[in-house]
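Okay, everyone, thanks for coming. I'll put the chain up on the screen and then we'll walk through a few spots in it.

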Amino acid sequence: MRFLPVSLFALLLPATLQAQTSPPIRVDVKLVNVFVNVTDANGTPVGGLIKDDFTLAEDGRPQKIAVFERQSEMPLSIVLAIDTSGSVNKDLAIEKHAAHAFVHSLLRPVDRLDLIDFSSDVREVVAFTNKLKPIDYGIDNLMTGPATALYSAVYLASQSLATQPGRKVLILISDGGNTVKGTDYADALEQAVRSETMVFSIIDVPIEADAGRDTGGEHAMITLSQDTGGKYYYADAAHLDAAFQKVSEDLRTQYLLAYYPEHRITDSDYRKIDVSLKQPPNAHYSVRHRTGYYATPGH
């Protein structure tokens, strides 16, 4: 087993600061993938849409959709990150049960999953694999601790997903309370966006009226999901299985839109993405996707 001290993440911050002060950059053409979920007014996934139903823009400029797929079968690279700190410890047994069921129902031979737990430190319990036996063993042997390194877990998981193939997914189970210094929210979000990781947050709120509830942390998990094209779910102990099932449905009902952005000079390496949908009469469809990406110079 490999332990990953949170303090090491601080060494990576200078690269981020340099990116903020870099001169205008030249960006070569690169295929940009955008995974899109469409749901109706009841939250039910909408299938059967075609390429011409969508319009796509980058920084306000219309883009030609070069690749379109429905219910993409692209392999999944998943990090399942479970909060094992004291604040969620009373639900840990139920979380483990739900995690077992989720992994067995979702994982295909072409997919791979990495399991981490986080409390005072972030720990990789099982490296990327499609074998259920070591994953099951890892889920049964999580390590608990007093604090919560939430943002470090997001940063590290996204960093490990950056080099993985297929769709990159982080499933984050926590109550949202980050209590460990080192990596902050902005660092975690930027790393998730740069690695094209979709963050699905399952927010464990056992007592909604609890005076000690960290609503700021919950909001951070929500915005992490919204900005990366993932989704968030609130779930108490009785509804964890249902939340995992919804995540599974989301991943199986995505559309893939891909385009080649214009070759141009820009003073920023961040590109904003907008996807809109031609709505049928009386339909109230919602479209969800990542809100932007970082273009890498030379690619």
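Quick bit of vocabulary before we start: when I say helix or strand, I mean a DSSP run, at least four residues for a helix and at least two for a strand, numbered from the N terminus. And keep in mind that this is a predicted model.

With that vocabulary, glutamate 196 sits in the loop between helix H5, residues 185–194, and strand E11, residues 197–204. Its phi is positive, about 60°, although glutamate 196 is not a glycine. It's partly exposed, at 32% relative accessible area.

There's another residue to look at for the backbone people. Asparagine 282 also isn't a glycine, and its phi is positive at about 65°. You'll find asparagine 282 in the loop between strand E15, 270–277, and strand E16, 286–288. With a relative accessible area of 76%, asparagine 282 counts as exposed.

Okay, zooming out. The protein has 7 helices and 17 strands. Of its 299 residues, 51% are buried. If you take contacts between residues at least 6 apart in sequence, 79% of them join residues at least 24 apart.

Now, helices. How do H2 and H3 sit relative to each other? The axes of H2, residues 92–106, and H3, residues 132–140, come within 10 Å and cross at roughly 165°. Anything over 145 degrees goes down as roughly antiparallel, so that's what we call H2 and H3. The crossing is right-handed. On the H2 side, the residues that meet H3 are Lys96, Ala99, His100, Val103 and His104. Their counterparts in H3 are Leu132, Ile135, Asp136, Ile139 and Asp140.

Moving along to the loop between H3 and H4, that's where threonine 148 is. Is threonine 148 buried or exposed? Buried, with a relative accessible area of 3%. Skip the neighbours within four places in sequence, and its contacts include Asp83, Ser85, Ser87, Phe118 and Ser119. Also among them are Ser174, Gly177, Asn178, Thr179 and Val180.

H4 itself has 12 residues and runs 17 Å from first C-alpha to last, close to the 16 Å expected at 1.5 Å a residue. H4 is mostly covered, too: 10 of the 12 residues are buried. Among those are Leu150, Tyr151, Tyr155 and Leu161.

In the loop after H4, on the way to strand E10 at 167–174, we get to proline 165. Proline 165 counts as exposed, at 52% relative accessibility, and the cut-off for exposed is over 50%. Leaving out anything up to four places away in sequence, proline 165 touches Ser77 and Arg112. Its C-alpha is also 7.7 Å from that of leucine 76, and those two are 89 residues apart along the chain.

Last one: H7, residues 240–252. This helix has 13 residues and spans 19 Å between its end C-alphas, close to an expected 18 Å. Which residues of H7 are buried? They're Leu240, Ala243, Phe244, Val247, Ser248, Asp250 and Leu251. Look down the axis of H7 and those buried residues fall within an arc of 160°, so they line one face of the helix. As a reminder, an α-helix has 3.6 residues a turn, so residues three or four places apart point the same way.

That's my tour. Shout if you'd like to go back to any of the views.

Definitions and conventions
Residues are numbered from 1 along each chain as its sequence is written. This is a predicted model: local features need pLDDT of at least 70, side-chain atom pairs count only at pLDDT 80 or more; totals for chains, interfaces and linings use all residues. Side-chain values use heavy atoms; hydrogens and water are left out. The expected span of a helix is 1.5 Å times one less than its number of residues. Buried means under 20% relative accessible area, exposed over 50%, partly exposed in between (1.4 Å probe, protein chains only). The arc is that of the directions from the helix axis to the C-beta atoms. Axes are lines fitted to C-alpha atoms, for helices over the stretch in contact, and angles run from 0 to 180 degrees between N-to-C directions. Angles under 35 degrees count as roughly parallel, over 145 as roughly antiparallel, 65 to 115 as roughly perpendicular and the rest as oblique. A crossing is left-handed if the near helix is turned anticlockwise from the far one by less than a right angle, and right-handed if clockwise. Contact means heavy atoms within 4.5 Å.
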